[in-house]
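I opened this entry to keep a record of what I looked up, in the order in which I looked it up.

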Amino acid sequence: MKVLIDPYLRGNPAAPASAEKLEPDAIAVTHGHADHLGDAEDIARRTGSPVLAVSEVARFLDRRGVLSEGMNIGGTFRVADVSFTMTQAIHSSDITVTDPPTCGGDAAGFVIDDGIRVYHAGDTALFDDMRLIGDLYRPDVALLPIGDRYTMGMREAAIAASWIRPHLVIPMHYNTWPRISQDPAEFREMVEMLCDSEVVILEPGDSLEC
Ligand code: NI
């Protein structure tokens with residue numbers, strides 16, 4: 001199954017893909033900010049793929065005639081044989097694609113399980129219950145934001161990796177703009193000092209087979 005997470009493509013200076021060409025089976029949106037909700041509405045409209053999001057974001061899409069599946073923190077929803085569990089994230093979540101912005105409820109992350117368990121933390125600060133996410137869901141892969149300023153930075157993300165203990169850690173949410181500029185090689189060194197997880201640095205457009 002092809003799952004698209006936070007498809008921010010149009011207007012994204014780092015995006016190699018075009019929203020018009022993507023054919024996902026499901027779209028998971030972590031929160032309402034324009035650099036996450038992004039092109040979800042247009043892609044869902046064109047493909048008929050459901051958008052999985054926290055209730056407030058799902059209702060917003062629903063009102064605009066987009067197929068959406070509302071969830072909330074701690075719950076699991078299945079699309080075919082893939083399960084999506086919504087996890088906590090410490091972040092704000094107003095829907096900024098409207099003017100003025102609309103209330104987007106709570107920001108979230110996802111654990112997506114299709115046999116390989118992938119934890120996408122969303123935009124978040126470090127929080128202690130990431131230990132629980134590690135213990136409960138045992139992610140094989142964790143995607144963690146390292147950009148700082150709007151999310152946790154490298155030091156906090158390295159601590160998160162040591163708590164979650166995935167096989168692979170993929171840093172995300174950095175170098176889109178100068179404001180969140182980071183050196184992922186430095187992040188790799190930090191993680192290697194704290195735990196056995198392998199850091200995989202992906203450039204925009206790269207792929208990884210697990
Ligand atoms: Ni955000």
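Is Trp 177 buried, partly exposed or exposed? I found Trp 177 to be partly exposed, with a relative accessible area of 24%; I keep in mind that this is a predicted model.

**Overall form.** I counted six helices and 11 strands in the chain. I noted a radius of gyration of 16 Å, close to the 17 Å that the globule rule gives for 210 residues, so I describe the chain as being as compact as a globular protein of that length. Along the principal axes, the C-alpha trace spans about 50 × 35 × 30 Å, and 48% of the 210 residues count as buried.

**The sheet.** I then traced an open sheet of seven strands, which run in the order 5-6-7-8-9-10-11 with mixed pairing. Strand 5 (76-79) and strand 11 (198-199) stand at its edges, and because each has a single partner strand, one side of each is left without a neighbour in the sheet. Looking further in, I saw that strand 6 and strand 7 are paired in the antiparallel sense over six bridges, and that Ser 83 stands opposite Asp 113 in strand 7.

**Aromatic pairs.** How many aromatic pairs does the count come to? The count comes to two. In one of them, which is tilted, Tyr 8 and Trp 177 lie 6.1 Å apart centre to centre, with 40° between the planes. I checked where the partners sit, and this pair links distant parts of the chain: Tyr 8 belongs to the loop between strand 1 (3-5) and strand 2, whereas Trp 177 belongs to the loop between strand 10 (168-172) and helix 6 (184-194), 169 residues apart. With a relative accessible area of 17%, Tyr 8 is buried, because the cut-off for buried is under 20%.

I turned next to Phe 84 and Phe 110, which form an edge-to-face pair at 6.4 Å centre to centre with 90° between the planes. Phe 84 lies in strand 6 and Phe 110 in strand 7, so the pair ties together parts that are 26 residues apart in sequence. Phe 84 is buried, with a relative accessible area of 0%, and Phe 110 also counts as buried, at 0% relative accessibility.

**Charges over rings.** I looked for arginine ends placed over tryptophan rings, and noted the charged end of Arg 131 over the ring of Trp 163, 4.0 Å from its centre. The ring of Trp 177, already listed for its pairing with Tyr 8, has the charged end of Arg 179 over it, 5.5 Å from the ring centre.

**The nickel site.** Which residues coordinate the nickel ion? I listed His 31 through NE2, His 33 through ND1, His 91 through NE2 and Asp 123 through OD, at 2.2 to 2.4 Å. Along the chain, these donors follow the spacing H-x1-H-x57-H-x31-D. His 33 and His 91 come from distant parts of the chain, 58 residues apart: His 33 lies in the loop between strand 2 (26-28) and helix 1 (34-37), and His 91 in the loop between strand 6 (82-88) and strand 7 (108-113).

I recorded the site of the nickel ion as irregular, with angles of 87 to 177° among its four donor atoms. As to accessibility, His 33 counts as buried at 12%, whereas His 91 is partly exposed, with a relative accessible area of 22%.

Notes: Residues numbered from 1 in each chain as written. Predicted model: local features only at pLDDT ≥ 70, side-chain atom pairs only at ≥ 80, totals over all residues. Heavy atoms only, no water. Donors = N, O, S within 2.8 Å, 3.2 Å for Na, K, Ca; no water. Tetrahedral: all angles 85-135°; square planar, octahedral: opposite > 155°, others 65-115°. Helix = DSSP H or I, 4+ residues; strand = E, 2+ residues; numbered from the N terminus. Buried < 20%, exposed > 50% of the residue type's maximum accessible area, 1.4 Å probe, protein only. Phe/Tyr/Trp six-rings, centres within 6.5 Å; stacked < 30°, edge-to-face > 60°. Lys NZ or Arg CZ within 6 Å of the ring centre and 35° of its normal. Pairing = 2+ DSSP bridges. Rg over C-alpha atoms; globule rule 2.2 N^0.38 Å.
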